[in-house]
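Please open the model in your viewer and keep the sequence panel visible. The tour proceeds by selections, each followed by a description of what is to be found there.

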Amino acid sequence: MPTAAEDVTALTQLLGRPPRAAFDVVVRRPTGEPVVIRNAPLLDDGTPMPTRYWLVDPRVREAIGRLEAAGGVKRAEADVDADALADAHRRYAAERDAAIPADHTGPRPFGGVGGTRQGVKCLHAHYAWYLAGGDDPVGAWVDERLADHR
């Protein structure tokens, strides 16, 4: 298992910059490389961070990018039950918001998955949460189709 310092180094390489918030790696490749990170709800400077789960694996990101380019966002939004999606946004936001320090008085993150309140904004964010164990209907939809776009 990589150390926290090794995770920071790996994430810096994946992002092309140092991380701006506390995070932990919640999904790894069998070889130890990060696939999904869980971000703190606030950046180090207090800026709200709505994206709790972030897909950092470049191969998976590229595959999902191809799925999005082929109209995947609109297709997912049409195929997934709207009530199930709305519930997923509520649960995602509740989990993220529960991690905000009780004494925080500044701006807070908003929205659900990917910072949106309704619909589908980003397949990457939904899939990241799904891989991390989230009950995300869009993430499940992506998982079913991802093999076709690898």
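Select Leu 123 first. Apart from neighbours within four places in sequence, Leu 123 is in contact (heavy atoms within 4.5 Å) with Ile 64, Leu 67, Glu 68, Gly 72, Val 73, Ala 76, Val 138, Trp 141 and Val 142. The model is predicted: local features require pLDDT of at least 70 and side-chain atom pairs pLDDT 80 or more, whereas totals for chains, interfaces and linings use all residues. Residues are numbered from 1 along each chain as its sequence is written, and side-chain values use heavy atoms, with hydrogens and water left out.

Next, add Leu 55, Ile 64, Val 138 and Val 142 to the selection. Together with Leu 123, these residues touch the most other members of the largest nonpolar core, which has 26 residues. A nonpolar core is a set of buried Ala, Val, Leu, Ile, Met, Phe, Trp, Tyr and Cys residues joined through side-chain atoms within 4.5 Å. Buried means under 20% relative accessible area, exposed over 50%, and partly exposed in between, with a 1.4 Å probe and protein chains only. Among the elements giving two or more residues to this core are strand S2 (34-39), helix H2 (58-69) and helix H6 (137-146); helices (H or I, at least four residues) and strands (E, at least two) are DSSP runs numbered from the N terminus. Helix H5 gives the most, with 5 residues.

Now select helix H6. Which of its residues are buried? They are Val 138, Gly 139, Trp 141, Val 142, Arg 145 and Leu 146. Seen down the axis of H6, the directions from the axis to the C-beta atoms of these residues fall within an arc of 155°, so the buried residues line one face of the helix. They pack against H2, H3, H4 and H5.

Within H6, centre the view on Val 142. Val 142 is buried, with a relative accessible area of 0%. Beyond four places in sequence, Val 142 touches Ile 64, Leu 67, Leu 123 and Tyr 127.

Finally, select strand S2, where 5 of 6 residues are buried. Strand S1 (residues 23-28) runs antiparallel to S2 and is joined to it by 5 bridges; two strands pair if DSSP finds at least two bridges between them. Phe 23 has Asn 39 in S2 as its bridge partner. S2 also pairs with S3 in the antiparallel sense, over 3 bridges, and Val 36 stands opposite Leu 55 in S3.
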